[in-house]
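Biologist: Could you take me through one part of this model up close, please? I would like to see how the strands pair there and what lies around them.

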Amino acid sequence: MPALGYAAKWYKGNTHVHTVICGHADSTPEFVAQWYHDRGYNFLVLSEHNHFIDPSIIKLKGDVRDDFLLVPGEEITGPIHFTAMNISRLVPWQFKDKNRSRVMQNYVDETEKAGGTNILNHPIYSRTVQVHEITPVKNLYMFELYNAHPGVRNFGTAHLPTTEQLWDALLEKGMTMWGVSSDDAHKLQKWGEKENNPGRGWVMVKSDDLTSDAITKAMLRGDFYSSSGVMLNKLVRSSSKIEISVNEDETACELASEFLFGRPVRKGKPGTFIEFTGPGGEVVKAVEGLSASCEAKGAYLRAKVTHRVKTEDGKLLEYYAWSQPVFTDGR
Ligand SMILES: [Zn+2]
Ligand SMILES: [Zn+2]
């Protein structure tokens, strides 16, 4: 894994959101971009269904921060949904084939021709995308590990895997796959826990520059982590080791957000827990506390922070941060 650049900074971004253009979301591209701008995000992909929104036509109001970037994108929407980011034009979505690996490969190839890269979106949704369908796809390096749309089953069901189980299966098959967290928000006019609002899933990208190319390249290197509330102080991924520590103040600040809701769970004691997972989804080390490190023994290692809080009315809520994996084969 290449060392992170000396001047690198962490940038907060969301790769997936919708606008009135798709017909089933409630806010204009300008309103959506302004919302993210005004809440301290550094970048946003306006990922409309089969529609390219040119960032140069979006005019923000007031004092526009120079550390806010619209990364051009689209949500390729066919039998499977893909975010295409850092594209120069609309990517075609009409390709048809019964074989879903070929459909995904077409999306990747067409996105590359438009200068961009992809994220496989909400894989455990409608017809779940299977491991054997994903593994043949070349040059696909990212998928949505966490999608904050209330209808998306990130944590599986009695009959469906969790996205983490899917991730471990892909990593075990030798894929280089990074996990992305996103909003997939459609509603910014009506707010509530059950509403599909923004501000609930994001990535923190470590990059030298805030440009579409630099952010995309950093994500393709795995120089980012995904969050549903937990913020990190330190994340060092070397060739076979992960060092991680939680930023308590920034996490508290995120959790105080009126837009963010934790995942309700039945069991567990409140606190911060760090787990390191390797092949087979096996937890190789589990620590209670704000920092930990772990050496990879198997083919890969990834870290997850769970921050569990008990509310005044006795509910248990979980918030997470997920590191990207390290690989011991020198990748
Ligand atoms: Zn979608
Ligand atoms: Zn979407």
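Modeller: Happily! Strand S1 (residues 9–14) pairs with strand S9 (residues 202–207) in the antiparallel sense over 5 bridges; strands here are DSSP runs of E, at least two residues long, and helices are runs of H or I, at least four, numbered from the N terminus. Two strands count as paired if DSSP finds at least two bridges between them. Lys12 has Met204 as its bridge partner in S9. S1 is also joined by 2 bridges to strand S2 (residues 43–45), and these two run parallel; there, Gly13 is bridged to Phe43.

A word on the source: this is a predicted model, in which local features need pLDDT of at least 70 and side-chain atom pairs count only at pLDDT 80 or more, while totals for chains, interfaces and linings use all residues. Residues are numbered from 1 along each chain as its sequence is written, and chains are lettered from A and ligands numbered from 1 in the order in which they are written.

Back to S2: beyond four places in sequence, Leu44 touches Gly13, Asn14, Val17, Ala33, Tyr36 and Leu70, contact being C-beta atoms, placed from the backbone, within 7 Å. Leu44 is also one of the residues, with Leu46, Val205 and Ile244, that touch the most other members of the largest nonpolar core, which has 80 residues. Such a core joins buried Ala, Val, Leu, Ile, Met, Phe, Trp, Tyr and Cys through C-beta atoms within 7 Å, buried meaning 20 or more other C-beta atoms within 10 Å. Domain 1 (6–227) and domain 2 (228–331) both contribute residues, so this core lies between them; the bounds come from an automatic or database domain assignment.

Methods:
Buried ≥ 20, exposed ≤ 12 C-beta atoms within 10 Å, placed from the backbone. Contact = placed C-beta atoms within 7 Å.
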